[in-house]
Amino acid sequence: MLRLVPILLAVLYGLALYHFSAWRTRRELDARSRPLDEPALLKEIDRLADPLGVRQVPVRVYDIEPVNGLAAPDGRIFLTRGFVQKYRAGEVTGEEMASVIAHELGHVALGHARRRMIDFSGQNAIRVVLTAVLGRFLPFVGFYLANFLTGLLAARLSRQDEFEADEWASALLVKAGIGTGPQKSLFSKLGRLTGTEGRRPPVWLASHPDTDARIAAIEANERRWGLPARRG
């Protein structure tokens, strides 16, 4: 029983750290966000409301420059100021922005925030076990190797969540009459929009899947659903 104590402590520490991180994120978002106020964009986003059975889809703008969308642990959806600026500049269409919102709604609907809490705690326990085992054979590098292996696991789980949210978003976009074209066209320009084009880490280290793989997965779903596959 005593052998399990370090693992249990690692799980509890992971849970506490996750909750603290969620609390800190909520405070940051509350302090640096405002409701989205772009009538034309809101009109596109609200096309998602009917198939969801709601009156509207509330979205807030997080006042930071990097281009991103995010689903907070409490279920709220955010677009960054940098992303909204790309829309204003005509670099992104309203339907493409709606596809971002659909993706983030997918994370919420699929419970990825809760799953990440469990995953994070489990990964912390795995790190403790790997550190103990590897430390016996590789005293000076066991800790770093354990962190590296745990990081690989975290990246793989994160990529899985992204594929799942993409699929959920595709289904919602089809039901809303928007289709998957804007979703795919946004992915094709995402590297340029975010400034990461040509600078991605190896796929097995990345927290998000390769863009071409995401588009291919969407088109595979289109075929499975009997929809015509069209590039965005």
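The following exercises concern a predicted model of a protein.

**Exercise 1.** State how confident the prediction is, and examine residues 201-206.

*Solution.* The mean pLDDT of the protein is 80. Of its residues, 64% reach 70 or more. Over residues 201-206, the pLDDT falls below 50. In the model, this stretch nevertheless has 14 contacts beyond near neighbours in sequence.

**Exercise 2.** Determine how the axes of helix α5 and helix α8 are oriented, and identify the residues that meet.

*Solution.* Helix α5 comprises residues 94-109, and helix α8 comprises residues 181-194. Their axes come within 8 Å and cross at roughly 90 degrees. An angle of 65 to 115 degrees counts as roughly perpendicular; therefore α5 is roughly perpendicular to α8. From α5, the residues E95, E96, S99 and V100 meet P182, Q183, S185, L186 and K189 of α8. The residues of this contact divide into three nonpolar, three polar and three charged.

**Exercise 3.** Describe the second largest pocket by its volume and its lining.

*Solution.* The space in the second largest pocket is about 150 Å³. Its lining consists of L52, V54, Q56, V57, P58, V59, R60, G75, R76, I77 and L105. By class, these lining residues are seven nonpolar, two polar and two charged.

How values were computed:
Residues numbered from 1 in each chain as written. Predicted model: local features only at pLDDT ≥ 70, side-chain atom pairs only at ≥ 80, totals over all residues. Heavy atoms only, no water. pLDDT = per-residue confidence, 0-100. Contact = heavy atoms within 4.5 Å. 1 Å grid on protein atoms, 1.4 Å probe; cavity = no way out; pocket = protein on both sides within 12 Å on 5 of 7 lines; lining within 4 Å. Points joined across faces, edges and corners; volume = space filled by probe spheres on them. Nonpolar A, V, L, I, M, F, W, Y, C, P; charged D, E, K, R; others polar. Axes fitted to C-alpha atoms, helices over the stretch in contact; angles between N-to-C directions. Helix = DSSP H or I, 4+ residues; strand = E, 2+ residues; numbered from the N terminus. Parallel < 35°, antiparallel > 145°, perpendicular 65-115°, else oblique.
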